[in-house]
Amino acid sequence: MYVYIKRVKYGKKKYHYLVVEEYLGKGKRKIIFQRSIKKILEDYVKLQQLEGWCGGWDLNPRRPTPSGPEPDPFGQARAPPHSSLN
């Protein structure tokens with residue numbers, strides 16, 4: 001699989017595309033995905049606005065991260081097992 005940026009010059013403008021190709025063997029490749037990088041970024045910004053993306057931060061930063069299950073206090077209070085050496 002090949003992933004690369006394709007640059008195309010059309011007149012005085014330059015366009016950039018994200019291209020994903022699959023290798024078929026014997027030097028042949030098939031384009032799986034090709035889209036303008038500008039369009040990809042525009043869609044990403046729209047998605048952030050629709051979803052209300054918060055940037056990956058916790059919405060309540062004062063809340064401590066929950067810890068795992070606490071060990072049983074009775075299990076820790078027991079005396080260690082006796083060793084039997086004969």
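This text walks through the strands, their pairing and one surface patch of a predicted model. Local features need pLDDT of at least 70, side-chain atom pairs count only at pLDDT 80 or more, and totals for chains, interfaces and linings use all residues. Residues are numbered from 1 along each chain as its sequence is written, and side-chain values use heavy atoms, without hydrogens and water.

Start with the sheet. Three strands (DSSP runs of E, at least two residues, numbered from the N terminus) form an open sheet in the order E1-E2-E3. The pairing is antiparallel; strands pair if DSSP finds at least two bridges between them. E1 and E3 (28-36) are the edge strands, each pairing on one side only. Neighbouring strands are turned by 35° against each other on average, direction ignored. The axes behind such angles are lines fitted to C-alpha atoms, and angles run from 0 to 180 degrees between N-to-C directions.

Now take the pairs. E1 and E2 (residues 13-25) are joined by nine bridges. Lys6 has Tyr17 in E2 as its bridge partner. E2 and E3 are joined by eight bridges. Here Val20 stands opposite Phe33 in E3. E2 and E3 form a hairpin with two residues between them. Lys26, in the turn, has a positive phi of about 55°.

Phe33 also belongs to a nonpolar surface patch of about 430 Å², together with Met1, Val3 and Ile32. Met1 lies in the segment before E1 (2-10). Why does Met1 count as exposed? Because its relative accessible area is 71%, and exposed means over 50% (1.4 Å probe, protein chains only). Patch residues have over 30% relative accessible area by the Shrake-Rupley method with a 1.4 Å probe. They have no salt bridge (a side-chain nitrogen of Lys or Arg within 4 Å of a carboxyl oxygen of Asp or Glu). Nonpolar side chains are joined within 5 Å, like charges within 9 Å.

Methods. Helix = DSSP H or I, 4+ residues; strand = E, 2+ residues; numbered from the N terminus. Buried < 20%, exposed > 50% of the residue type's maximum accessible area, 1.4 Å probe, protein only.
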